[in-house]
Amino acid sequence: MDDKSGTQAVEYGIIPIDVMVSMSGLDFVRAIFARRLPEPPIMQTVEPFDCTVEPGEVVIHSVPGRRHYNPIGSVHGGYAAILLDSAMGLAVQSTLPAGTSYTTLEFKISFVRGMSETSGVIRTKGCVLNAGRRVATAEARITDARDRLLVHATTTCLVLESPRGSAKG
């Protein structure tokens, strides 16, 4: 617990692959969001954030700030890319059975409107389009508080089977 706010402090770290593949993807993502497992270190760059997951769908709420700015005075595209790639990848992860993982093969991002420190809370929603045995596809959108589209993306992920003996069924 964070002594000042009464909320649980966020722990960041790398989760061993054998831990990840020992549970279903949905259970794995839920454990991260419930802070029973550490958040990926990359999420330190986009905090503060709040996440929810349902099978095939992840929502991340975040607040862009001045620390996310690029040299031209707007929120850096990498901020959006981290949120979109995370939402899409974790949405794919949430559909996988124990003993499997994934990796991103490619993703495409399209910027529609800029973000700034006055944007307030933004919502990144990632949804699986198709989850096959070897390949999964997903899309994600970032919208502002007025539900205006800011950025959108698509991804293709490769589904990987864990090495024998890594997963506990």
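The following exchange concerns a predicted model and examines its helix α2 and its sheet.

User: What makes helix α2 a mostly covered helix?

Analyst: A residue is called buried when its relative accessible area is under 20%. In α2, residues 25-33, seven of the nine residues are buried, and the helix is therefore described as mostly covered. The buried residues are Gly 25, Leu 26, Phe 28, Val 29, Ala 31, Ile 32 and Phe 33.

User: Which elements do the buried residues of α2 pack against?

Analyst: Contact requires heavy atoms within 4.5 Å. The partners of these buried residues are α1 (17-20), β1 (49-54), β2 (57-62) and α3 (77-93).

User: Why are β1 and β3 said to stand at the edges of the sheet?

Analyst: The open sheet has six strands in the order β1-β2-β4-β5-β6-β3, paired antiparallel. β1 and β3 (100-111) each have a single partner strand, so one side of each lacks a neighbour in the sheet. From one strand to the next, the twist averages 20°.

User: How do you know that β2 and β4 are paired?

Analyst: Pairing requires at least two bridges between the strands. Six bridges join β2 to β4 (residues 122-131), so the criterion is met, and the two strands run antiparallel. One of the bridge partners in β4 is Gly 126, which is matched with Val 58.

User: What strands do α2 and α3 touch where they pack on the sheet?

Analyst: α2 touches β1 and β2, and its direction makes about 155° with that of β1. α3 touches β2, β3, β4, β5 (135-143) and β6 (149-161), and the direction of α3 makes about 140° with that of β3.

Methods
Residues numbered from 1 in each chain as written. Predicted model: local features only at pLDDT ≥ 70, side-chain atom pairs only at ≥ 80, totals over all residues. Heavy atoms only, no water. Buried < 20%, exposed > 50% of the residue type's maximum accessible area, 1.4 Å probe, protein only. Helix = DSSP H or I, 4+ residues; strand = E, 2+ residues; numbered from the N terminus. Axes fitted to C-alpha atoms, helices over the stretch in contact; angles between N-to-C directions.
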